[in-house]
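Got your viewer ready? Let's walk through this one stop at a time, selecting as we go.

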Amino acid sequence: MKKKILSLLLVSTMVAGLCLSGCSSSNTKTENQATTAEEGSEGTKTTNSGETVFTIGYTQEPKSFDPKYINGTAATLSCFDCYDTLLNFNDAGTEVLPGLAEKWEQVDDLTYKYKIKEGVKFCDGTDMTMEDVLFSMERVKSETYAMSYLFDFVDHWEITGDWEITCYLTEADVTWKYALCTVAGVVISKDAVEKAGEEYGSINGTVVGTGPYMRDSWTSGTEITLVKNPYYWGDPTTLDVDKVQYLIFADQATLALAVQAGQVDYTRGLPIDQMSIYEAISDYSINIYQGTSSTFLAFNTQKYPFDDANARKAVAYCIDKESITSLIGGQFAEVSKAVVFPESMFYMNTDAWNQFNDSAETYQQNYEKAKEALAASAYADGFEFEYWCATSGVNQAEMIQAMIDASGLPIKMIIHEYQAADQSAIAYGYASALDENGKRPYNMLGTGWLSDYLDPIGYLKCHFHSTQNYEGGANKAAWINTNYDAFIDESYVNPDDKERANLMIQAYQYVIEDCPYVSLFQQLDRYIISNEFDYTEGPAFFWNFSVANVKLK
């Protein structure tokens, strides 16, 4: 398997007829693919040729197959199987396992050596070399990946022996062990990237990785198809699924009906307003587990009116988090207290985190406090702002709008609904979504997060640190606080988990004081899968998902 390899055997026989122009043959649906979709709607998971097809449904489309853009669930589900990482998380997300690096050693606080597996080929049949590995690691910083923050303390990489590469850090980083389990640890073909340039990974560009599958076609807004990589370095006999169809739906309601009709084998998220449909579907199983997901609001702190902390607090105090949790999150959610991320991530110092979470300001609805905050703001006469959300978030937006109206304060909220296809560009501040002043376009954003790993840094660096306010960065509040940054930076060099937790808690005090975000609720992760397949996911889903782990019953 890609993320939990069952065999280290190399593929000794290769399938003839490969597309050698970059493992990506077309961007239009073929006749065979159309037939497969039709047969899938009748409940058959194999084509006339005997291929096993696994169909994934989702409401978003990846920006690109280029690893630097793989930073959302859509990309995890559709792109990540084309690649392998140097290291992998175990199922629980608590340990690091081999990947393309079969061994590794921490020489000292600043030096890490990795023994790279020999004999690996890319999906175009070319050999993976140490130059490819070095190029891939250096590119994480030079091309600014979504996960480049994990390489903040990397000084340089160096090939230090036959199939050995060494990373030299500028500072000790106790989170470094996680970095190479994420997309930052992906190895790509240097030759393919240099030939394709900016087109690499695009709908018409090449995609060349070492993963168990390779991209076959991409019809924007409709479908992405992956097929087996015949040069896969793992044991091909462990891959039960021959073809992956990733179907893109306009909204959650349409997706739920497609699952009900048997046109989709797997989807995740399962919004509460569609649960009655999912729960009534026979021959499918709904699986629920505690992950790292959270739902919250982001104020754009660099834009009127939320460039003022008291204006942010005035709106925050209008929101009844318990009502939103009950009606939007439902039975699969718990109202958040002070801290944005789930309590499952308190493991480093559970008592300290719980005490802080119970005692700190939660910004639960209090109209009197909202009135006081507005009066203390630079906009005491009131203001108007836009709340941006995808179609699936309109119900939540309307609840917040009604709560603000009920306050009687001179604050007007306008709901701005955007297409699901634009969600990544808006949330991660890509240039295509910025306003005329080069800033994130929203005043307030309905959003959420699924952490890259269980360490709280998976939230605290990504969403709050000043360095993450860049194109592709997840600092959705565009919040800058040097005091906060200092505590988080210190947590990177402290090897003691309890002391690290205390540093993070001290940092979070500045979040509470400045209110760049409003926590709403934490939700249990949910997915539904056809009973024709066997697959189990856990807290490390985001970087562990692979159709290589899906088995035909």
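Which residues are linked with Glu102 in a network of salt bridges? Select Lys115, Lys117 and Glu118: together with Glu102 they make up that network. Keep in mind that you're looking at a predicted model.

**More charged pairs**

Side chains of opposite charge can pair when their charged atoms come close. A search of the whole structure turns up 16 salt bridges, so there's plenty to click on, but three will do for this tour.

Start with Lys243 and Glu51, whose side chains meet in a salt bridge at 3.7 Å, N to O. This pair links distant parts of the chain: Lys243 sits in strand β10 (residues 243-248), while Glu51 is in the loop between α1 (31-41) and β1 (53-58), 192 residues apart. Lys243 counts as buried because its relative accessibility is 7%, whereas Glu51, at 27%, counts as partly exposed.

Next, pick Asp66 and Arg139, a salt bridge at 2.7 Å, N to O. Here a loop between β1 and α2 (73-78), holding Asp66, is linked to helix α3 (residues 130-142), holding Arg139, across 73 residues. Both Asp66 and Arg139 are buried.

Now try Lys303 with Asp435, where the closest N and O atoms are 2.9 Å apart. Lys303 is in the loop between β13 and α8 and Asp435 in the loop between α13 (423-427) and β17 (444-450), so the pair ties together parts 132 residues apart in sequence. Lys303 and Asp435 are both buried.

**A charge without a partner**

Stay in the loop between β13 (293-299) and α8 (309-316) and select Asp308. What is the nearest side chain of opposite charge to Asp308? That's Arg312, 6.7 Å away, and buried Asp308 has no salt bridge. Show its contacts further along the sequence and you'll find Ser377, Ala378 and Tyr379.

**Two helix pairs**

Colour helix α9 (residues 321-329) and α12: their axes are 10 Å apart and the helices pack at about 155°, which makes them roughly antiparallel. Their crossing is right-handed. One of the α12 residues meeting α9 is Gln396, which is buried, with a relative accessible area of 8%. Gln396 also touches other residues, including Tyr387, Leu520 and Phe521.

Finish at α15 (residues 482-491) and α16 (residues 497-514), whose axes come within 8 Å and cross at roughly 165°. That makes α15 roughly antiparallel to α16. This crossing is left-handed. Among the residues meeting here are Tyr484 and Phe487 from α15, and Leu503 and Tyr510 from α16.

Technical notes:
Residues are numbered from 1 along each chain as its sequence is written. This is a predicted model: local features need pLDDT of at least 70, side-chain atom pairs count only at pLDDT 80 or more; totals for chains, interfaces and linings use all residues. Side-chain values use heavy atoms; hydrogens and water are left out. Helices (H or I, at least four residues) and strands (E, at least two) are DSSP runs, numbered from the N terminus. Buried means under 20% relative accessible area, exposed over 50%, partly exposed in between (1.4 Å probe, protein chains only). Lys and Arg count as positive and Asp and Glu as negative; His and the chain ends are not counted. A salt bridge is a side-chain nitrogen of Lys or Arg within 4 Å of a carboxyl oxygen of Asp or Glu. Contact means heavy atoms within 4.5 Å. Axes are lines fitted to C-alpha atoms, for helices over the stretch in contact, and angles run from 0 to 180 degrees between N-to-C directions. Angles under 35 degrees count as roughly parallel, over 145 as roughly antiparallel, 65 to 115 as roughly perpendicular and the rest as oblique. A crossing is left-handed if the near helix is turned anticlockwise from the far one by less than a right angle, and right-handed if clockwise. Lists of a residue's contacts leave out its neighbours within four places in sequence.
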